[in-house]
Amino acid sequence: MKHLISPTDLTVSELSGILDLAEKIINDPKEYSEACHGKKLATLFYEPSTRTRLSFEAAMLNLGGSILGFSTADSSSAAKGESVADTIRVISSYADICAMRHPKEGAPLVASYHSSIPVINAGDGGHNHPTQTLTDLLTIKNLKGRLNNLTIGLCGDLKFGRTVHSLINSLVLYEGIKFVLISPVELRIPTYIKEQVLEAHNIPYEEVDILEDKMPELDILYMTRVQKERFFNEEDYIRLKDSFILNSKKMSKAKDDMLVLHPLPRVNEISTEVDSDPRAAYFKQAEYGVYARMALIMKMLEVE
Ligand code: CP
């Protein structure tokens, strides 16, 4: 595993290796506190982030390594016109591994072609977010006890939501997975994912535009934010932004052990009254992001 650009870069066996290591870290974090001593992680973030950047940095610090990087394109020489290719050539001599977030789909892939250190895609436009998927899988595995035989509702902006694109790509590798795709018609999952991922793996799925009716069937409800930054037209965003709002009344229709996940940040799509419901797992999910990224860094630097 030289680079992690797409969730499809990871086989089920590699996913299991990362998730198993993450669980070992959760159970005994001190055992890993010097695992990356002397190693440096560069975080190259051309787009805003709270969880991904800071959990990557916390992960490397927890492993005894060091961090460097930038958190906005404006504070890097991208503002002077430097290309991603030139930036990564230089960073390759400053760090041992890098995590890159970029608003343009494919930018981390381009970086990987010019890099002599492992490049991790930390989110590229509306395309992929493979380390969020590792976080999501670790959360589901730990809180549900399995990654197979699950009915998963994906709700919200399925067109631009890179977290759902990546999660689908990985979950289709497991047995007994069924998806309920809940979105306004304008924000449906892209056709290439339906044809090349869901149908290619014979995964049952249905597309609906009402959440309530489907609540009783779901084992997992994965809520997503309508991605304001990906819209070309503000009127469309305003019209669609509050299409789905999960509240206690809707939660009353769900199974007692259904989990609510959300990659965060949330805007209005989950009412804060749901936060105290024991089925609300999105803050725990953000916590698991550190462990998933610790395990990934160790695997990619081959320091286990
Ligand atoms: N889930 C996620 O990617 O959050 P950030 O945008 O805060 O990194």
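User: Which pocket is the space taken by the ligand?

Analyst: The ligand takes up the space of the largest pocket. Keep in mind that this is a predicted model.

User: Which residues are around the ligand?

Analyst: The surrounding residues are Ser49, Thr50, Arg51, Thr52, Arg101, His129, Gln132, Pro263 and Leu264. Each counts because a heavy atom of the residue lies within 4 Å of the ligand.

User: What makes the approach of Ser49 to the ligand a polar contact?

Analyst: The distance and the atom types. An N or O atom in the Ser49 side chain is 2.6 Å from an oxygen atom of the ligand. The cut-off for a pair of N or O atoms is 3.5 Å. The Ser49 pair is therefore a polar contact.

User: How do you know that Arg51 and Leu264 also qualify?

Analyst: Apply the 3.5 Å limit again. Arg51 puts a polar side-chain atom 3.0 Å from a ligand oxygen. Leu264 works through its backbone, with an N or O atom 3.0 Å from a ligand nitrogen. Both distances fall within the limit, so both are polar contacts. As for cover, the ligand has 250 Å² of accessible area on its own, and the protein covers 91% of that.

User: What is notable about the peptide bond from Leu264 to Pro265?

Analyst: That peptide bond is cis, with omega near 5 degrees. Pro265 belongs to the loop that runs between strand S9 (259–261) and helix H10 (282–301).

User: Why is Ser183 called buried?

Analyst: Its relative accessible area is 1%. Buried means under 20%, so Ser183 qualifies. The residue sits in the loop between strand S6 (177–182) and helix H7 (191–199).

User: What does the side chain of Ser183 reach?

Analyst: It reaches the backbone oxygen of Leu187, at 3.4 Å. That is within 3.5 Å, so the pair passes the polar-contact limit. Beyond its neighbours within four places in sequence, Ser183 is in contact with Gly156, Leu158, Arg188, Val208, Asp209 and Phe244.

User: Why does His3 count as buried at 17%?

Analyst: The boundary is 20%, and 17% is under it, so His3 is buried. His3 lies in the segment before helix H1 (12–27).

User: What makes the pairs of His3 with Ser112 and Val119 polar contacts?

Analyst: The His3 side chain reaches the backbone oxygen of Ser112 at 3.5 Å. It also reaches the backbone nitrogen of Val119 at 2.9 Å. The limit is within 3.5 Å, so both pairs are included. Outside its neighbours within four places in sequence, the contacts of His3 include Asp9, Ile117 and Met300.

User: Why is Arg146 called partly exposed?

Analyst: Its relative accessibility is 29%. Buried means under 20% and exposed means over 50%, so 29% falls in between. Arg146 is in the loop between helix H5 (130–144) and strand S5 (150–155). Its side chain reaches the backbone oxygen of Asn149 at 3.1 Å. Not counting residues up to four places away in sequence, Arg146 touches Ile140, Lys141 and Asp219.

User: What about Thr133: buried or exposed?

Analyst: Thr133 is buried, because its relative accessible area is 1%, which is under 20%. Thr133 is part of helix H5. Setting aside neighbours within four places in sequence, it is in contact with Thr163, Ser166, Leu167 and Ser170.

User: How do you know that Asn202 is exposed?

Analyst: Its relative accessibility is 68%. Exposed means over 50%, so Asn202 meets the cut-off. Asn202 is in the loop between H7 and strand S7 (205–208). It has a positive phi of about 55 degrees although it is not a glycine.

User: Why is Glu302 called exposed?

Analyst: At 72% relative accessibility, Glu302 is over 50%, so it counts as exposed. It is placed in the segment after H10. Glu302 is not a glycine, yet it has a positive phi of about 55 degrees.

User: Which residues does Gly64 touch, not counting residues up to four places away in sequence?

Analyst: Gly64 touches Ser33, Glu34, Cys36, His37 and Gly38. They count because heavy atoms come within 4.5 Å. Gly64 is in the loop between helix H2 (51–62) and strand S2 (66–70).

Terms used
Residues numbered from 1 in each chain as written. Predicted model: local features only at pLDDT ≥ 70, side-chain atom pairs only at ≥ 80, totals over all residues. Heavy atoms only, no water. Helix = DSSP H or I, 4+ residues; strand = E, 2+ residues; numbered from the N terminus. Buried < 20%, exposed > 50% of the residue type's maximum accessible area, 1.4 Å probe, protein only. Polar contact = N/O pair within 3.5 Å; in protein donor to acceptor, adjacent residues only side chain to side chain. Areas by Shrake-Rupley, 256 points an atom, 1.4 Å probe, with all protein chains shown as cover. 1 Å grid on protein atoms, 1.4 Å probe; cavity = no way out; pocket = protein on both sides within 12 Å on 5 of 7 lines; lining within 4 Å. Sits in = over half its atoms within 2 Å of the grid points.
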